[in-house]
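Biologist: Could we go through the helix packing in this model, and then look at a few individual residues?

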Amino acid sequence: MKKIDLTKGNVFSVLTALALPIMGGSLLQFAYNLVDMLWVGRLGTNAVASIGSSSFFIGLGYSINAMVVIGGGIKVAHAVGKQNEHETKAYINASLVLNSILGLLYAILLIFAGKSFINFLQLGNPNVEQNAYLYLAYSAPMLFFAFFNLLFTRLLGSFGNNKEAFKISAIGIVINIILDPILIYGLKMGVLGAAVATLIANIVMFLLFLYKGKKVLFFDRAVGIEYEKVLEVMRLGFPMSFQRILFTLVNIILARIIAVFGSDAIAAQKVGLQIESITYMVIGGLNGAVSSFTGQNFGAKKYERIHGGYRTAIGIGGTYALITTVIFLLIPIPIVKLFIHEPTTIEIASSYLRIIAFSQVFSALEMITNGLFTGIGMPKVSANISIIFTVLRIPMALLLIQMLGVNGIWWSITLSSLLKGTVAYLYYKMKVQEKYKHDQANPTSI
């Protein structure tokens, strides 16, 4: 498994080489989501609402997993930048152990408590509730493997090797796309077919990661478990994990508010989120690229290079986000009609896209800046910003629905994203950049 030195070479070229595989993976994931939503959408609004409802708790699992993925990714990138082989292996060991424990515990929790989770949403539709729980239960073992696939992807990114992760992700997504219609319609499994297809794809990806990364992605018994390393990974990853957990919990509460407007509104948000993910194809790639790029250069104390990489990423991400803004504003209805056919759902989802369009540039600003904070080992900053403004969505939504109905919820999401992006950028300019300038002249102060 090749290690790539990110501390040398043209900044734009290095960042692009890092980001493209992640973007490619995101593009494939979007293609899968597109196909999946087309197949599930043919089952009707209730089927879309079932998957949409259970997806909040699947997302909660990914938020918990972020503690290991982010903490381990930061420390491994720093160790690689310092060219410290022992530290690199010790942090990988710590990450693998933590991941195993979290994946097993959360899978068990979903199986035994999943019905209570779905009941909390008060969907008011027994058919939707039953299918949502079954989808969640079938997704429990999938998450165990998905936890490792996300960790493996991040660790390879820390080595500067995103291409291998992209190839493996591509194989998994193609398998998912092929299996969806076979299981959903051919074997008449309905909603559960989508869950089983995702499980099989993640198992295949897991096995491929182990095979291709056998010299890197393994537990090194000679190094063993260094408990201080485990604690460091947890300490660094916890702020962002807690932020994502809180973000998911806020979305679960918002889903309960949305449920008041019926299954059409729940399905509309699910469709809207899938369409909005075209923004994150590029921005998510830049976030991962900036994080890995910054991590290695921070370990090598190349601070000017970090700043140049950030500026480059902001230029690329801001331009792309502006394009998606225009698309969401001008042609939301034709896009939504690709996924769903019920007039009420089309109307609500189109309104979602028009309103959320105003947040795209600020979401890009937030995510790319968060990548820098993560790379320099300051995940607390982005976590604190996100926690404050994400929690604000609930009171804003409750206030705005009195005047705007369900659109008030979409405006609460947009306004909070606008605030998060603005504050993250200002913090970088006033705090991090100033410290960076000081430490460029006095590198021993970091």
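Modeller: Certainly. This is a predicted model. To begin with one pair, the axes of helix 3 and helix 7 come within 11 Å and cross at roughly 25 degrees.

Biologist: Are helix 3 and helix 7 parallel or antiparallel, then?

Modeller: Helix 3 and helix 7 are roughly parallel to each other, because angles under 35 degrees count as such. The crossing of helix 3 past helix 7 is right-handed.

Biologist: Which residues of helix 3 and helix 7 meet?

Modeller: Helix 3 contributes Glu87, Ala90, Tyr91, Ala94, Ser95, Leu98 and Phe120. Their counterparts in helix 7 are Lys229, Val230, Glu232, Val233, Met234, Ile252 and Arg256. By class, this contact of helix 3 with helix 7 holds nine nonpolar, one polar and four charged residues.

Biologist: Lys229 caught my eye. Is Lys229 buried or exposed?

Modeller: Lys229, which belongs to helix 7 (residues 227-259), has a relative accessible area of 9% and is therefore buried, the limit being under 20%.

Biologist: And what does Lys229 touch?

Modeller: Leaving aside residues up to four places away in sequence, Lys229 touches Glu87, Ala90, Tyr91 and Ala94. Those four residues are also named in the helix 3 part of the contact with helix 7.

Biologist: Let us change to helix 5 and helix 6. At what angle do their axes cross?

Modeller: The axes of helix 5 and helix 6 cross at roughly 155 degrees and come within 8 Å. That angle makes helix 5 roughly antiparallel to helix 6, because values over 145 degrees are classed that way. Helix 5 passes helix 6 in a right-handed crossing.

Biologist: Which residues make that contact between helix 5 and helix 6?

Modeller: From helix 5 they include Ala165, Ile168, Ile171, Gly172, Ile175 and Leu179. From helix 6 they include Gly193, Ala197, Ile200, Ala201, Val204 and Leu208. In terms of class, the contact of helix 5 with helix 6 has 16 nonpolar, five polar and three charged residues.

Biologist: What lies in the loop between helix 5 and helix 6?

Modeller: Lys188 is placed there, in the loop between helix 5 (162-186) and helix 6 (191-212). Its phi is near 55 degrees, a positive value in a residue other than glycine. Lys188 is exposed, with a relative accessible area of 73%.

Biologist: Where does Gln83 lie, and what is its phi?

Modeller: Gln83 is found in the loop between helix 2 (45-82) and helix 3 (85-120). Although Gln83 is not a glycine, its phi is positive, at about 60 degrees. With a relative accessible area of 71%, Gln83 is exposed.

Biologist: One last pair: how do helix 9 and helix 12 cross?

Modeller: The axes of helix 9 (residues 303-330) and helix 12 (residues 360-375) come within 8 Å, with a crossing angle of roughly 155 degrees. Helix 9 is therefore roughly antiparallel to helix 12. The crossing of helix 9 and helix 12 is right-handed.

Biologist: What residues meet there, and how do they divide by class?

Modeller: Among them are Ile306, Tyr310, Ala313, Gly317, Gly318, Ala321 and Phe328 in helix 9, and Val361, Ala364, Leu365, Ile368 and Leu372 in helix 12. The residues of the contact of helix 9 with helix 12 divide into twelve nonpolar, six polar and no charged.

Definitions and conventions:
Residues are numbered from 1 along each chain as its sequence is written. This is a predicted model: local features need pLDDT of at least 70, side-chain atom pairs count only at pLDDT 80 or more; totals for chains, interfaces and linings use all residues. Side-chain values use heavy atoms; hydrogens and water are left out. Helices (H or I, at least four residues) and strands (E, at least two) are DSSP runs, numbered from the N terminus. Buried means under 20% relative accessible area, exposed over 50%, partly exposed in between (1.4 Å probe, protein chains only). Contact means heavy atoms within 4.5 Å. Axes are lines fitted to C-alpha atoms, for helices over the stretch in contact, and angles run from 0 to 180 degrees between N-to-C directions. Angles under 35 degrees count as roughly parallel, over 145 as roughly antiparallel, 65 to 115 as roughly perpendicular and the rest as oblique. A crossing is left-handed if the near helix is turned anticlockwise from the far one by less than a right angle, and right-handed if clockwise. Ala, Val, Leu, Ile, Met, Phe, Trp, Tyr, Cys and Pro count as nonpolar, Asp, Glu, Lys and Arg as charged, and the others, Gly among them, as polar.
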